[in-house]
Amino acid sequence: MPRKQIAKFSVQHLQVLDENGKLDAKLEPNLSENELLEMYRWMRLARGFDERMLKLQRQGRLGTFPPNTGQEAISIPVALAMKEKDWFVGAFRELGGRLIRGEPMTSSLYYYNGWEEGNILPDKELRILPTSVVIGCQIEHAVGLAWASRYKGEDAAAVCFIGDGGTSEGDFHEGLNFAGVWKAPVVFIVQNNQWAISIPRESQTNSQTIAQKGIAYDIPCLQVDGNDPLAMHVAITEALDRARKGEGPTLIEAVTYRLMMHTTADDPTKYRTEEEEKRAWEKEPLLRFNKYLKDKGFWDDAKEEALLSEVKAKIEEAVKEFESPLEWQQDEPFKHVFGTEHPVITQQHEDFLANVKREADHG
Amino acid sequence: MAKLNMVQAINLALHQEMAKDKDVIVLGEDVAVDGGVFRLTEGLLDEFGKDRVLDTPLAESAIIGTSIGMAMAGLKPVCEMQFSGFSYLMMGQFEAHATRMRARTHGQFTVPMVIRMPFGGGVRALEHHSESREATYAHLPGAKVVIPSGPRNARALLLAAIRDPDPVVFMEPKHSYRAFREEVPDQEEVMPLGKSQVVQEGTELTLVSWGAMMRPTLKAAAQVEKEHGTSIEIIDLLTISPMDSDTVVESVTKTGRCVVVQEAPRSFGVSSEITARINDKAFLYLEAPVRRLTGFDVVTPYFGREKSYLPNVPRVVHAIEETLKF
Ligand SMILES: Cc1ncc(C[n+]2csc(CCOP(=O)(O)OP(=O)(O)O)c2C)c(N)n1
Ligand SMILES: [Mg+2]
């Protein structure tokens with residue numbers, strides 16, 4: 001009996017706006033001037049805020065944090081395409097997306113300065129999950145949220161982010177498999193920024209693309225230029241549409257680059273060259289989007305300048321609030337161990353307060 | 001003899017043991033090119049090459065699972081969990097196989113491997129980067145758990161751990177990584193596992209601690225000795241499991257009073273075990289209840305609040321004074 005081919009797969013790549021700002025007009029999404037400018041404004045704000053946080057960290061006014069610079073064209077178009085009831089499940093490089101979903105700017109500042117208060121949303125119904133430090137776990141949470149949304153008849157999807165490194169964790173594969181089996185309304189977005197701390201993408205996985213990992217679970221997948229906000233808009237719109245129509249999950253590999261250090265505790269000169277970084281800067285998303293908007297006649301230098309000062313004012317306002325005196329209690333953690341009281345915790349709470357008081361009395 | 005910090009001392013142990021034994025393999029996330037996020041494995045790739053120093057994909061379970069395979073085949077993997085907070089992703093492999101293979105096969109297959117992991121608080125890090133969970137591993141039969149407290153014993157214990165025939169969880173108190181230096185002899189020095197150390201002799205009270213808590217413990221003892229002239233015996237546990245009860249019991253038999261200082265949450269922990277063993281073997285010698293100064297049974301707070309949750313010198317002093325007064 002001859003061997004026969006029983007399955008055949010392919011992976012597509014999508015780019016609408018190339019690194020020089022050149023447009024493929026046939027693929028251009030139907031976005032209004034207002035929508036495009038809104039997207040651009042968020043990208044500028046996210047970039048500016050990221051740069052400001054890096055400065056704060058360097059001045060000792062903020063703890064360790066992972067810069068987002070260069071990855072703005074991923075979470076921002078995605079969050080703008082999401083609906084109110086959709087769940088936003090981040091890893092830790094989705095600053096712009098979080099702000100769009102309604103997380104205050106101060107949240108990131110508090111969070112990266114060591115306060116759980118940075119996780120607390122103004123309203124739980126914003127449906128933003130806290131930062132996921134343990135890589136990979138959030139994938140399965142998103143699948144569960146998506147399943148629950150469908151069960152409750154909510155017509156909502158979950159959108160989940162992860163890094164290229166994260167796709168090596170078992171949780172990534174287990175979660176994708178569940179999503180495939182359950183046809184869960186979920187969109188997985190891999191921010192493939194080429195690095196996982198010092199591990200380059202080609203050492204992370206032997207797969208030719210990350211997108212193709214969806215094929216193993218029969219999940220529609222697409223590789224997208226993640227520095228192209230228009231392509232990302234097209235991809236997420238299709239994926240959310242599919243989820244809402246009950247057609248199940250989608251995997252989007254967004255190809256980008258981590259332009260900065262992994263976190264402020266990292267030194268990339270140990271493992272990559274400056275030339276590589278320089279080449280990546282030439283492809284960064286704001287540059288090409290700015291050019292596109294100018295070509296369309298929607299943008300000019302005067303508007304850019306006005307935006308930059310508007311962004312700066314917003315950031316400074318957030319920093320000011322962040323640096324005003326806190327009224328948060330040291331003993332807050334004792335109130336959130338369990339949802340019910342227990343004498344052991346109550347006793348330890350008292351001991352804790354006694355310690356703090358004794359130390360205050362003795363200076 | 002050179003003055004090294006703990007990072008350099010552990011790095012020295014790895015260099016020396018890899019040079020000596022070609023079965024020793026180092027693997028983990030960012031351990032090769034980057035030399036480890038804390039630089040513990042710096043220079044190993046250059047010296048021993050990429051067949052012996054492996055940057056792995058990002059997957060804790062696979063790091064341990066493949067190491068178990070390597071160990072059963074006769075190699076001695078020394079793997080790194082980047083932070084102890086991420087080690088739970090390997091727990092299935094560790095509990096189900098690393099700790100059981102010897103018993104399962106009556107010793108035919110064994111798993112001589114070391115899992116190094118930085119742990120503990122006080123470094124202003126993000127969530128999952130500050131916990132002390134040594135009891136979690138110590139509770140597993142078949143697992144050895146070792147915690148050095150300074151550069152010199154870190155080097156000597158790591159050598160013993162690599163040579164040990166069983167899986168050893170080698171927990172490195174990251175707060176002590178660069179906190180101080182010690183003379184570390186060039187020639188190899190090995191300390192036995194399963195043995196604690198009396199670091200200061202005394203007659204009126206026994207202080208027991210381990211890891212990063214040894215520093216506030218020593219300082220507090222010095223302060224009490226100076227203020228009240230109390231003679232304090234101090235024990236550095238070094239190996240958490242299997243625990244050396246004899247040294248503690250012998251000491252308490254002499255002093256009659258004991259304070260245990262532990263960074264980890266209070267309940268079901270190492271200090272509880274020490275107390276139980278004293279109860280078993282030295283109850284009639286006690287002049288005061290064994291006192292435990294510990295962390296709290298709360299989810300480890302982010303670093304904004306962290307400091308008030310860690311045992312510190314004043315709290316150790318207070319615990320000693322209360323025990324002396326009893
Ligand atoms: C389970 C787990 N293991 C290890 C780490 C330490 N760590 C933090 S970020 C990171 C690399 C992540 O790479 P990637 O998924 O590509 O995301 P990126 O940082 O590039 O956004 C590692 C190893 C972690 N946070 N969680
Ligand atoms: Mg990455």
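Q82(B) is placed in the loop of chain B that runs between β4 (76-80) and α4 (91-98). The model described here is predicted. Q82(B) has a relative accessible area of 9% and is therefore buried, since buried means under 20%. Its side chain takes part in two kinds of pairing. With the side chain of D30(B), Q82(B) makes a polar contact of 2.8 Å. The side chain of Q82(B) also reaches a backbone atom, the oxygen of E29(B), at 3.3 Å. Apart from neighbours within four places in sequence, the residues in contact with Q82(B) are E29(B), D30(B), V37(B) and P118(B), together with I197(A) from the other lettered chain.

**The ligand site**

Ligand 1 is surrounded by 21 residues, and the closest are R93(A), V133(A), D164(A), W195(A) and E60(B). The site is shared between chains, because residues from both A and B surround ligand 1. By class, this shell consists of 10 nonpolar, 6 polar and 5 charged residues.

Several polar atoms of the protein lie at short listed distances from the ligand. A polar backbone atom of I135(A) is 3.1 Å from a nitrogen atom of ligand 1. An oxygen atom of ligand 1 lies 2.9 Å from a backbone N or O atom of G166(A). In the case of N193(A), the side chain supplies the N or O atom, which is 2.8 Å from an oxygen atom of ligand 1. On its own, ligand 1 has 580 Å² of accessible area, and the protein covers 95% of this.

**Salt bridges**Side chains of opposite charge can pair when their charged atoms come close. Over all chains, the count comes to 42 salt bridges. Three of these pairs are set out below.

| Pair | Closest N to O distance |
|---|---|
| D24(A) and K26(A) | 3.8 Å |
| K335(A) and E332(A) | 3.3 Å |
| R163(B) and E188(B) | 2.9 Å |

The R163(B) and E188(B) pair links distant parts of chain B, with the two positions 25 residues apart in sequence numbering. R163(B) belongs to helix α7 (residues 151-163), whereas E188(B) sits in the loop between β8 (182-184) and β9 (197-200). R163(B) is partly exposed, at 31% relative accessibility, and E188(B) is likewise partly exposed, at 38%.

Beyond single pairs, salt bridges that share partners join K85(A), E125(A), R127(A) and E154(A) into one network.

In the pair formed by D24(A) and K26(A), D24(A) is partly exposed at 28% relative accessibility. K26(A) has a relative accessible area of 76% and is therefore exposed, since exposed means over 50%. For the K335(A) and E332(A) pair, the relative accessible area is 42% for K335(A), which counts as partly exposed. E332(A) is also partly exposed, with a value of 23%.

**Helix α2 of chain A**

Helix α2 of chain A spans residues 72-81 and is mostly covered, with 8 of its 10 residues buried. The buried residues are E72(A), A73(A), I74(A), S75(A), I76(A), P77(A), V78(A) and A79(A).

**Two further helical residues**

N290(A) is part of helix α10 (residues 285-295) of chain A. Its relative accessibility is 12%, so N290(A) counts as buried. The side chains of N290(A) and E304(A) are joined by a polar contact of 3.2 Å. When residues up to four places away in sequence are not counted, N290(A) touches Y40(A), W299(A) and E304(A). E304(A) thus appears both as a contact of N290(A) and as its partner in the polar contact between side chains.

S61(B) lies in helix α3 of chain B, which covers residues 60-72. With a relative accessible area of 30%, S61(B) is partly exposed. Leaving aside neighbours within four places in sequence, S61(B) is in contact with L89(B), M90(B) and Q93(B). The separation between S61(B) and E17(B) is 44 residues in sequence and 25 Å in space, taken from C-alpha to C-alpha.

Methods. Residues are numbered from 1 along each chain as its sequence is written. Chains are lettered from A and ligands numbered from 1 in the order in which they are written. This is a predicted model: local features need pLDDT of at least 70, side-chain atom pairs count only at pLDDT 80 or more; totals for chains, interfaces and linings use all residues. Side-chain values use heavy atoms; hydrogens and water are left out. A salt bridge is a side-chain nitrogen of Lys or Arg within 4 Å of a carboxyl oxygen of Asp or Glu. Buried means under 20% relative accessible area, exposed over 50%, partly exposed in between (1.4 Å probe, protein chains only). Helices (H or I, at least four residues) and strands (E, at least two) are DSSP runs, numbered from the N terminus. A residue is near a molecule or strand if one of its heavy atoms lies within 4 Å of it. A polar contact is a pair of N or O atoms within 3.5 Å; within protein, one must be able to donate a hydrogen and the other to accept it, and residues adjacent in sequence count only if both atoms are side-chain atoms. Accessible areas come from the Shrake-Rupley method with a 1.4 Å probe; for residues, only the protein chains shown count as cover. Ala, Val, Leu, Ile, Met, Phe, Trp, Tyr, Cys and Pro count as nonpolar, Asp, Glu, Lys and Arg as charged, and the others, Gly among them, as polar. Contact means heavy atoms within 4.5 Å.
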